[in-house]
Amino acid sequence: MAELQQGKWRVALVQGDIRLGEPEENRKHMQELLGRTVAEHPDLDLAVLPEMWNTGYALDRIHELADAEGKATREWLSAFAAKHRIHIVGGSIAEKRDGKIYNTMYVFDREGKETARYAKIHLFRLMEEEKYLASGERNVVFELERMKAGASICFDIRFPELARTLALQGAKVLFVPAEWPHPRLHHWRTLLMARAIENQMYVVACNRVGSGGGADFFGHSMIIDPWGEIVAEGGEGEEIVTGTVDLSLVDEVRGRIPVFADRRPGCYEL
Ligand SMILES: NC(=O)CCC(=O)C(=O)O
């Protein structure tokens, strides 16, 4: 908390496995991992979960498995955040809303209040998301105790214009829950690094591990600073990856190379 007053956040990435199409088991497992996280890291400010952690990519049964209005998920995330006094970027879940299914992120502050909600904008055809899911229609910037951050989910990081739009709205941190499989580890690491360097922002990305739906997920959750240095990186097994996000570094890097002041939008905006 004292560190946080100086803009230094202790962050944990909950790099967990997910059981295909087992929402109840997955919730219990995430709760267990989060419980372990706060017990082992009493100085923690914020935890991040992976993408679609309630169901995995059980898309052919997604209408029966998805959380209606995200009610059950929001209830436990809110209670957990308030009880342990931590902020939670709740990865994403399959959420049923208005007869459609969205890949939705919820963010809770340490009072347990829902601070933001973001539905994935870019659906990933290689995993058939576009056949089963509806896409979100708006980008989301949110604020937690003076940390301004942007929301993105997995495939979204292939679209530099989204991260740039969030940065232009003041985001200093980009959160990226993911289910990103082999053989694209090189893409994952390079794209995350690029988003951090080009926008001079922290990138905080939590990828799942394990296998499901014919894909093997490699973890490698990462915290990357605005200079492109890796603060923390996970391996390929289940683990809690921790590191510090120092917001003063964002201003320092943006001062050193004034990318935002030097932009020429008139020359390239579509
Ligand atoms: N769940 C996803 O959006 C996966 C994105 C992915 O694997 C990629 O290569 O992009």
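How many helices and strands are there in the protein? There are 10 helices and 16 strands, taken as DSSP runs (H or I of at least four residues for helices, E of at least two for strands) and numbered from the N terminus. This is a predicted model, in which local features need pLDDT of at least 70, side-chain atom pairs count only at pLDDT 80 or more, and totals for chains, interfaces and linings use all residues. Residues are numbered from 1 along each chain as its sequence is written.

**Confidence**
- The protein has a mean pLDDT (the predictor's confidence in each residue, from 0 to 100) of 97, and 99% of its residues reach 70 or more.
- The scores of the model are ipTM 0.99 and pTM 0.98.

**Overall form**
- The C-alpha atoms fill a box of roughly 50 × 45 × 35 Å along the principal axes.
- Of the 270 residues, 47% are buried, that is, 20 or more other C-beta atoms, placed from the backbone, lie within 10 Å of their own.

**Nonpolar core**
- The largest nonpolar core (buried Ala, Val, Leu, Ile, Met, Phe, Trp, Tyr and Cys residues joined through C-beta atoms within 7 Å) has 80 residues, and V14, V176, L192, Y202, V203 and V204 have the most contacts inside it.
- Strand β6 (residues 100–108) gives the most to this core, with 6 residues.

**Ligand surroundings**
- Around the ligand, with C-beta atoms placed from the backbone and within 6 Å of it, are E51, F124, M127, C154, F155, R158, E179, W180, P181, R184 and H187.

Definitions and conventions. Buried ≥ 20, exposed ≤ 12 C-beta atoms within 10 Å, placed from the backbone.
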